Amino acid sequence: MVEPDQTTGQRSGWRRLTGTLTARTVGVACTVALLSVLVTAAVAIPLGVRGTERGARASLAAKADLVAAAVTDAPAGTRAALAGRLTGELTDQGIDVLLIRPGETAPRQLPGQVVRRLAAGEPVTGRRPARVDGRPTLIEGRPTGDGTAVVLLQPVRPGVSRLVWSNLWLALAAGLTAGLIAGVLLAARLSRPIRAAAHAAQRLRAGDRTVRVPLDPPVEAEQLARALNDLTTALAVSEARQRDFLLSISHELRTPLTTLRGYAEAIADGVVDPDGAARTGRIMLGEAQRLDRLVGDLLALARLEASDFALELVDVDLGALLTDAVDAWRPRFAGSGVTVGLTPPATPVTVHTDPGRLRQVVDILLDNALRVVPAGGTVRLGVPPEPATGQPDSVAVQVYDDGPGFTDDDLAVIFERGALHRRYRGERSVGTGIGLALAAGLTHRLGGRIAAGHSPGGGAVFTVRLPRRPAR
């Protein structure tokens, strides 16, 4: 008795065997080949039977013409002997020969129509077998010219279909075998690129990013291979960016942590005197705030694509929001020797947006400008003038600076996480590389778009364009 788990294992093994593309392709090919053989047999056997009958009729007609001509052309004294000799030869071939003389009754049960036509001097050719003495028989009759008629009778041999089948079965079996072989070869050819793709996917899952699938026909398999190769390349690029991003974040986190640890150890060891405690506290507070901003940016960037990312849309006075931002940042700019200015809109501009998220975008752009603009430089925040006629569907906020600016290659990747950090690390003051990516993500969630370009003064300009009333 087979245990249930053994039965289940046998069934699953059979399902895996019969469920493969190779097995199914072979099955389909075998079915098509078998159907083709059956259809061929169904058509060929009746055609073969009719062809055999047609050949038998033609042969019997030729023999009837020959016998009639021989009897007609022979001298009167030799006709009987000649007819007897021919009758003997044809009888050996399974053909009966009848001589019907005027006034005599036919010796066999010939159809009445045959007898009447021969009596009228007309030849008789049986297109279909007629029944003579209860058997299907081919009939050929020829008048000899003196009122005598020669009739040849050839019974139709039974088992013609079996005879035709005996001549066809080898060819049909060869066709079926060829179909099976073609099915196996086709299955192997079709399944090879799929197996290669599955093997490549397994290697991808195992972490191999060097795998490549050969581009072999047919077109569908080539498209699958190209898609897997593109996926491999995209995964390799994405993982490389993630590694660089994590390295840069780790470095940014380690710097303030090292400062905090150093001052904490100094306080614990009593190195810091009471007069320097306030200064040490301010330094530690600044590093803690830096860490808090970094962690907050990381969390916000991670939650940007989440469905529960909160937005509180209200009517916002754009001029007032920008004025508050400049007032908040002016002390920090002044401490770095950089001038910050505001170009407010000529008339009040109202936009339906989230003021907190918009202020976060503005703060990121100002912080980025403060990092790269040297002492004595200028940063300006403003709203471009609106057209004189009509009210546009969107408003823009621009941040100009006269810092080092960006190249065209920089502008192509400026909003990618860590792109500028990797490119300019060690050359200029760069942050973690997530600020501009966060600004782009926030602007997108607000229904707007952000762009970077070259400032007329030689630095950079960032333009944030928001709809006055975004769609839900």
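Reader: How far does α8 reach from its first C-alpha to its last?
Author: Helix α8 has 18 residues, a helix being a DSSP run of H or I with at least four residues and a strand a run of E with at least two, numbered from the N terminus. The expected span, 1.5 Å times one less than the number of residues, is 26 Å for α8. Close to that expectation, the reach of α8 is 27 Å.

Reader: What pLDDT do local features need?
Author: Residues are numbered from 1 along each chain as its sequence is written, and side-chain values use heavy atoms, with hydrogens and water left out. This is a predicted model, in which totals for chains, interfaces and linings use all residues, side-chain atom pairs count only at pLDDT 80 or more, and local features need pLDDT of at least 70.

Reader: At which residue does α8 bend?
Author: The bend is the angle between axes fitted to the seven residues ending at a position and the seven starting there. In α8 this angle is about 40°, and the proline P331 follows within four residues of the bend, which lies at W329.

Reader: Which residue supplies the side-chain oxygen at the start of α8?
Author: A polar contact is a pair of N or O atoms within 3.5 Å, one able to donate a hydrogen and the other to accept it; residues adjacent in sequence count only if both atoms are side-chain atoms. The backbone nitrogen of G319 is reached to within 3.2 Å by a side-chain oxygen of D317.

Reader: Which element gives the largest share of the largest nonpolar core?
Author: This core has 41 residues, and L318, L322, F333, L365 and V379 have the most contacts inside it; a core joins buried Ala, Val, Leu, Ile, Met, Phe, Trp, Tyr and Cys residues through side-chain atoms within 4.5 Å. The elements that give two or more residues include α8, β9 and β10. The largest share, 9 residues, comes from α9.

Reader: Which residue caps the N-terminal end of α9?
Author: The end C-alpha atoms of α9 are 26 Å apart, in agreement with the span for its 18 residues. Its buried residues (under 20% relative accessible area, 1.4 Å probe, protein chains only; exposed is over 50%, partly exposed in between) include L358, V361 and L365. A side-chain oxygen 3.0 Å from the backbone nitrogen of G356 provides the cap, and it belongs to D354.

Reader: Which residue of α8 is in contact with V379?
Author: Contact means heavy atoms within 4.5 Å. Leaving aside neighbours within four places in sequence, V379 is in contact with residues including L366, A369 and V399. The buried residues of α8 pack against β9, among other elements. The α8 residue on the contact list of V379 is F333.

Reader: What is the relative accessible area of V151?
Author: V151 lies in strand β5 and is one of the residues of a second, separate core of 11 residues. It touches, among others, V97, L98, I100 and L118, not counting residues up to four places away in sequence. V151 counts as buried because its relative accessible area is 0%.

Reader: Which backbone oxygen lies 2.9 Å from a polar side-chain atom of T232?
Author: T232 is found in helix α6 and counts as buried because its relative accessibility is 1%. Beyond four places in sequence, T232 touches L204, R209, V211 and R212. The backbone oxygen at 2.9 Å is that of L228.
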